[in-house]
Structure formats: structure tokens, C-alpha cells
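The following exercises concern strand order, sheet edges and helix packing. Please work through each task before reading its solution.

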Amino acid sequence: MQLTEKQLEIMAAQGHLLVTGGPGSGKTTVSILKAAEIAKQHLGPGQKVLFLSFARATVSRVVEAIEYEQQIPREQKRRIDVETYHSFFWRILKAHGYLIGLPRRIDILTPPAEAIALSGLRSGYASKLSEAEQAEKVAAEEAERLRLAREDGGVCFDLFAPYVGDILHGSARIRKLLATMYPVIILDEFQDTNAEQWRVVQALGEFTTLIALADPEQRIYDWIGADPARLDHFRGAFAPTEVDLSTDNHRSAGTDIGLFGNDILKGKIRQEPYVGVQIYGYPPNTDQAFSALVTTTYRARKRLVDAGVKEWSLAILVPTKKMTRLVSDAFRSPPGGMTEIPHTAIIELEAAILGAEVIALLMQPDVDGRHFEQFVALVRNYFHGKGGDTPTKGALTEAANIQKAYDEYLAGLAAGKALRKNSILVAILTLYGQTRELGLTGDPDKDWRAMRGLLEEGACPRLKEIAQEVRNIRVLERGTQLRQALSQDWRDNGAYRNALAIVRQAFVQEHFSTNAKPETGVIVMNMHKAKGKQFDEVIIFEGWPIKRKGQPPFNADRIVRFNARDNIDDQARQNMRVSVTRGKRHTTILTPKNDPCVLLTEDD
Ligand SMILES: Nc1ncnc2c1ncn2[C@@H]1O[C@H](COP(=O)(O)OP(=O)(O)OP(=O)(O)O)[C@@H](O)[C@H]1O
């Protein structure tokens, strides 16, 4: 690879550095080469360059890019640590949290666990709140998070940056210590840094050299505190050398994909076609929409195979969670008997993880007579937490009903009365009884499947839902560690006495682990998750307005909210540009013919 002049300028620069540039302009690549150069020239024994990124997905991509750079010797590669902000912050918190009054032993409160811990508080508020009520709710949540951290040692992700900021600003010793370990830190996607993370960066920059990589136009996290002025903050605080790679686009060289992305940003789509970009209006009904998607996917796949692309990747990017599922279902059984499309769907895992906890507990024996109580608590947890940050009223009511039925059952037991025949606990109890009869074998795969199958086939709709949800994470295919731990448990105890703890532990690690390899093949995911990734081809597929008798059409699954022109803003344009520019060779947009995406028709 021949570095551009600007990239060479970056290689030569000294001190703090700010690298800006559009999608695919080579920021990541040059920063890795620079890190290797620094490793070779300037690092003392034991020192490393740290590359910090927001998402685990980006970490995988960077790790792979490092592997791929053949001219970097192994010894230098070893001296570049790639990590997410979260996992870096967590290391600091674990080692030094006691300095700011956290308990000596702290644990991560994972998002599902956090959702459960806050659900009681949240359920006390109606779904539509006035501004004042909303502020009160946010403050109450915040206070509860702090309490959970200080009293129980359960620290949720949102508190990582504020706490680390406190630690670093309070101790020059620790700032120096970090600078000794990491004389240079690369900050990926710097434009997305929120106020608390920026406070951490300010402290780090005192003794450490910072290299910030940014694309001001790729900011997609405004809603969680990214600030358009952040680059100026960096300029003001560190007076960095600044190099702008501008609109170079190596990712999709030879195509107009980058140009198309820029035109979306400007709201001016030209009439003449863009090389490598195709927009197709599909007929707005389920069968034809999905037929269009399936055939477009076949065609894209064929192009990649015919071109002999090795380990090709083809991403289907959709605007909503629901669409991810619909597309995945359609690929599994396409309309009109077309051939199935093998794929991976990237989905939110809260519900599946909570479901896995239920199954894990069912694999455990009842050692203290409280097993059923725990079981009911986990089923309730599932409904509390399955919606993540945005629980539905239905799910919260379900959780409350389960609790009520259980209380009634206990009261009945005490009074020697039988359970009400129409109690929702009847089906749960029956199925629970069957799980107790299930003979386990000590083979974790077999036993897990048998337990899940029992719930799936059983007569309780709530447990059936849980079992189906659990399928989404393919617990046992996640590496051998979990399986080995379960086997060991069985060998030690003649039963899975610690299955729940083992499964929980596996998912805590999950929050930090990165697949060393980026996804290949056909991948379905939410547009928001595509940030920082690249694929050989991209297909963007949005929903269509669905007619309803006597009501305005339902138009929820759109790139721009309700596909209304009034809802076009910078954020919507930037999101679309990020998605469009993930494609290296080709990007196809599928939009309903009768109501095409308003971002594509802006200039009429
Ligand atoms: N000078 C160059 N010549 C040819 N190819 C290059 C050059 N620099 C980078 N590339 C290639 O271009 C692609 C995109 O580069 P890179 O990922 O570094 O861009 P980026 O600016 O980090 O993109 P984004 O902000 O969209 O994540 C990579 O596949 C990389 O190997």
C-alpha cells in the first residue's frame, strides 16, 4: 500500500495529533502504522500503545487490520493493545475504585441486570411524562445507580467514565502510572466522545501523547452526549498537529459510494447514477418486498462469489429491531419457495440472556428448598428486563402478574388452600414439575437442549417464549469455556450445582470479549450497529407504509422517522451516510416504490 502524502505527514508528526477524514479515508490504517512505528522507535520495555474504541465490533476490525498489515513485524504488533473504552475504564475502576469510595470488590452491573434493578423504580412512572416528571425519573434512576455502586458494588456502564474521571483528576500518581504503561493512546471515533469521556481524555493527555481520529460528520451519538464542538475542545486543550485526510476514499475506490454519502449529507442527490450505488423501489407489500430483498441478496452474493472475493461479507442494514427479526425470518423461509439464505442476525441480547438464566437455574438441583422461589424470580426478571432500556408496559405487567400469582400461591399454601384454577401459576407449576423429573446426563449440550426443549414444547406460553428467545444466543456455541465449566461442575458435584453462576459469568465476559474476526457471509443488523464496520457489499432495506382501515398508514420501520420530511435532520442524514459508506464495492438501497425514503428525494 502506497501511503498518501497526508498519511505520510501523519507518520512524521510529533506530539498530540488530530486526524480528521471521511469514511474510508484511511484514518484507522495510518494510525496502526504509526502505532507500529512508535512501538519500534520510542517504547521502553513493557510499554505499549493503546488503541481505544467505542464498540467491540470496531475492535475486531482494528485487530484484523493489524494482523493484515504484513509489513508490521510480530514484535511490534504485540505492543499495540486494542480495547474498548469500557474495558479500559473497568480495569482502572477495579484497581483504583476504592480511592473514590467504591467497595473493594466491585462487579459489573450488565445492561440486563441494570434494567432489572431499575425496573421497579421505572414501573412507578407512566409511559407519557411531562418534562418535569421525566427529569425527576432520570434523577431517581441516577441516584439508584449510584446507590447500587456504592452500597452493593454493582457498577453499571454509564458510571464507568464519570468514576474514572474522578479517579484520574484526583490522582497525578495514577495519571503518570498510566502514561508510563501507555505513552501513546489512539482515540478512535473521537467525535463521539461524550462529556464524561472527554473529562477522562483531558486527564490522560497530561502525560500521555494522544492521537485522536475523527470524522465530524460521522457523529451518530448526539443523543447520548456527543458534542459537535468536541474537536474544538481537543484543539483548545492540546494544540495538536492537525491533518485532514478529507474526502479520500480508499474503502470504495473506483465507485461513487463516498460521493453519494456526501450528497446525502448535503441533501442533494444528483439525477445521474452513482457508480456502485443502486436504488430500487419495491412494490409495498410483504411478499413482494421480501422477494425483492431475497433476489437482491442472491444477486449481490453471486457478484461477490463470481469476483472471487475471499471471505466476503454482505450486510443487510435495517432501521429497526423488528426489521432485523423479520428479515432473518424471511431469509430462513423466503416467500414463493425460494432458497433459504444462510445468515447471521445481530440482535439485542437482553431477553435471551435473561432467558438463559432461567434454563441454567432449571439445570440446578434444589439444594435449599428455595429453588422454585428462585425460578419464579428469574421468570419475573425475564419479563422485567427483556425490553432493556425501553421495557414495554405489557412486559412489566406480566412481571407484576407473575409476582402476584406467586404471592397468592404462598398465601394459599399457608392457609392449606388449593391454587386458583385460573392462576397463571398453574401452567408454570406443572411445567416446573416436569423439569424436575427430567433426567440429566452430565453432557451439558444434551442437557441444555433437553431443558430448553421441555419449555419450548410445554403448555406454558410464558416459558415457551423464554425458551424460544434463548435460541437467539446459541449459548453452547459460544466457545468451549461455558461447556467446560458446566462439565466440571457436574464432575465435582454429580449435578450442575452452579449452572446459574457459570452462565452469568459467561455473559459478563461476553460484554468485553471481541470476536477476533469480523463477520463474514450474509449479516443482518440494525443500521446503528454498522458504525465503524466495513463490508464488501451493503443492502439497506427499510419498511413500507402499511394500510389500516380508517386510520393513517402505519409507517414505523423507516430510515427517517415515519419517512416524514419534517423529521429530516443532521442526525438522520449522518446515520444514512454512515450506513451507505460501509460498502466497499456496492451499496443497494431498497425502499418502497410508493413512498421512497425522503432522503433520496430531497432535491425535488
Ligand atoms: N493509502 C492507501 N492506499 C490504499 N488503500 C488504503 C490506503 N489507506 C487505507 N486504505 C484501505 O482503505 C480502507 C479504509 O481505510 P480505513 O479503515 O483506515 O479508513 P477509516 O478512515 O478508518 O474509515 P471509517 O472512518 O469509515 O471507519 C481499508 O481497507 C484500508 O486497507
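Two exercises follow, each on one sheet of this predicted model.

**Exercise 1.** Determine the strand order of the open sheet that contains β1, and state which strands stand at its edges.

*Solution.*
1. The order is β3-β2-β6-β7-β1-β8, six strands in an open sheet with parallel pairing.
2. β3 (80-84) and β8 (241-244) each have a single partner strand, so they stand at the edges and one side of each lacks a neighbour in the sheet.
3. On average, neighbouring strands here are turned by 15° against each other, direction ignored.
4. At the β8 edge, β1 (residues 17-20) pairs with β8 in the parallel sense through four bridges; Leu17 stands opposite Thr241 of β8.
5. Helix α2 (residues 27-41) lies across β1, β2 (49-53), β3, β6 (184-187) and β7 (209-214), and runs at about 165° to β7.

**Exercise 2.** Establish the order of the open sheet that contains β9, then identify which strands helix α14 touches.

*Solution.*
1. This open sheet also has parallel pairing, and its six strands follow the order β9-β16-β13-β10-β12-β11.
2. Its edges are β9 (277-282) and β11 (344-345): each has a single partner strand, so one side of each is left without a neighbour in the sheet.
3. β11 is joined to the parallel strand β12 (residues 521-526) by two bridges, and Ala345 has Val524 of β12 as its bridge partner.
4. Helix α14 (residues 321-332) packs on the sheet, where it touches β10 (313-318), β11, β12 and β13 (535-541). The direction of α14 makes about 150° with that of β12.

Note on methods: Residues numbered from 1 in each chain as written. Predicted model: local features only at pLDDT ≥ 70, side-chain atom pairs only at ≥ 80, totals over all residues. Pairing = 2+ DSSP bridges. Contact = placed C-beta atoms within 7 Å. Axes fitted to C-alpha atoms, helices over the stretch in contact; angles between N-to-C directions.
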